[in-house]
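Thanks for coming. I have one structure to go through today, so please put it up and we will take the salt bridges, the ligand and a few single positions in turn.

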Amino acid sequence: MSELKVDQLLIIGVGLIGGSFALALRELGIVREIVGAGRSRENLEKAVALGVIDRYTENFPTEVENSNVIFVSTPVLATDRVFAMIAKENYRHSIITDAGSVKGCVVSAAEKHFSSDYCGFVAAHPIAGRENSGVGAATGDLYAGKRTIITPSNQSGDDAIETVRQLWESVGAQVSQMDAFTHDELVSASSHLPHLVAFGLVNYIANHSRSQECFDLAASGFYDFTRIASSDPTMWRDISLSNADDIIRELKGYINNLEKIISQISQGNGDQLQEILNVAKVSRDYYLAQWTK
Ligand code: NAP
């Protein structure tokens, strides 16, 4: 394996995910120059002040040709427009990758905008993050020990996959591969469902007839369960609309399970109810033990 060196990295969307990627790579000295791009000048100036990027541009298409790697870490629904803008430039010598939480729509956008014989596009998803967003939340150790899933497509050549794999491994991630369809199906249950359930729960309490009193009595259980409802609503709107079929299926399955719980409670069926709760506890304990190994 040759030593990984990147002359110029262009990060489009310098928030939690893009900023953390930049910070980790800067600490390693793998990249000569990191250029940031995004929506607001304010965020980009903050990124320079925090030492996350070397400089920023308000016109990223001018940087495409000179960037060896282009990392797109905007909310998912912005990806199509970003790819369309990149595709108007000379992008063929660049590796283009992303960090979106949904992969099918990103792969489709790449197929729509980049030439069919281009082999530098590699979609990826770091299974790492937190509820805080923006460059101020970025940390250099966000990806250490966490997983990143690469979802190769027809436009992913071996060299490009290897470079993207090395970049993620260098920042401490454990990299694996699966197709975009499987990825979206699995994360709709493991990630998208819990986030929407947390948002739904807090929304329900916020609209409750005795909302303030409910919040006043909320303790650590409420805090633990709802932490991720503090995540960025724009990001979760985009994820929900981009992975709609999978998410709707999982939400319906979950509602069905809640109906079973309602049914056992309303029938006063303690044994059946306890069985449901036992399966949940044993499963979570097992999962936690695996996770903290
Ligand atoms: P974030 O902290 O809100 O950062 C997003 C960045 O994208 C911001 O700097 C924002 O700029 C910029 N941006 C927003 N819309 C844009 C547009 N239309 N064009 C150009 N730039 C735009 O979000 P994040 O948590 O880093 O998430 C970024 C991506 O990573 C998302 O696709 C998300 O699905 C994925 N992801 C997130 C997590 C997580 O836990 N947060 C985990 C894995 C993957 P301004 O600040 O100027 O608005």
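I begin with the aspartate 98 and lysine 103 pair, whose side chains meet in a salt bridge with an N to O distance of 2.8 Å. By salt bridge I mean a side-chain nitrogen of Lys or Arg within 4 Å of a carboxyl oxygen of Asp or Glu. Before going on: this is a predicted model, in which local features need pLDDT of at least 70 and side-chain atom pairs count only at pLDDT 80 or more, while totals for chains, interfaces and linings use all residues. Residues are numbered from 1 along each chain as its sequence is written, and side-chain values use heavy atoms, with hydrogens and water left out.

Back to that pair: are its partners buried or exposed? Aspartate 98 has 1% relative accessibility and counts as buried. Lysine 103 is buried too, at 0%. The cut-offs are under 20% relative accessible area for buried, over 50% for exposed, and partly exposed in between, with a 1.4 Å probe and protein chains only.

How many salt bridges does a search of the whole structure find? The count is 16. One of them joins the side chains of aspartate 54 and arginine 26, at 2.6 Å from N to O. These two come from distant parts of the chain, 28 residues apart: aspartate 54 sits in the loop between α2 (41-49) and β3 (55-56), and arginine 26 in helix α1, residues 16-28. Helices (H or I, at least four residues) and strands (E, at least two) are DSSP runs numbered from the N terminus. Aspartate 54 is partly exposed at 34% relative accessibility, and arginine 26 is partly exposed at 32%.

Another salt bridge is formed by glutamate 131 and arginine 227, with 2.6 Å between the closest N and O atoms. This pair also links distant parts of the chain, 96 residues apart, with glutamate 131 in the loop between β6 (121-127) and β7 (147-151) and arginine 227 in the loop between α9 (220-226) and α10 (233-242). Here the partners fall into two classes: glutamate 131 counts as buried at 17% relative accessibility, whereas arginine 227 is partly exposed at 37%.

There is also a network. Salt bridges link Asp7, Arg32, Glu33, Arg55 and Glu63.

Next, the ligand. Which residues come nearest to it? Of the 27 residues around the ligand, they are Arg39, Ser40, Thr74, Ser101 and Gly134. A residue is near a molecule or strand if one of its heavy atoms lies within 4 Å of it. By composition, the shell has eleven nonpolar residues, 13 polar and three charged. In that split, Ala, Val, Leu, Ile, Met, Phe, Trp, Tyr, Cys and Pro count as nonpolar, Asp, Glu, Lys and Arg as charged, and the others, Gly among them, as polar.

Several backbone atoms lie close enough to list with their distances. Glycine 134 has a backbone N or O atom 2.7 Å from an oxygen atom of the ligand. For arginine 130, a polar backbone atom is 3.4 Å from a ligand oxygen. For valine 14, a backbone N or O atom is 3.5 Å from an oxygen of the ligand. Taken alone, the ligand exposes 900 Å², and the protein buries 88% of that; these areas come from the Shrake-Rupley method with a 1.4 Å probe. The elements giving two or more residues to the shell are α1, β6 and α10.

On cysteines, the count is zero disulfides, a disulfide being a pair of cysteine sulfur atoms within 2.5 Å. Cysteine 105 is partly exposed at 27% relative accessibility, and cysteine 214 is partly exposed with a relative accessible area of 27%.

Last, three single positions, all in loops. Serine 116 is in the loop between α5 (104-113) and β6, and counts as exposed at 71%. From aspartate 216 it is 100 residues away in sequence and 57 Å in space, C-alpha to C-alpha.

Proline 152 is in the loop between β7 and α6 (158-170), partly exposed at 27%. Proline 152 and alanine 123 are separated by 29 residues in sequence and by 6.4 Å in space, again C-alpha to C-alpha.

Asparagine 243 lies in the loop between α10 and α11 (244-266), and at 5% relative accessibility it counts as buried. Its C-alpha is 15 Å from that of proline 233, ten residues apart in sequence.

Conventions: A polar contact is a pair of N or O atoms within 3.5 Å; within protein, one must be able to donate a hydrogen and the other to accept it, and residues adjacent in sequence count only if both atoms are side-chain atoms.
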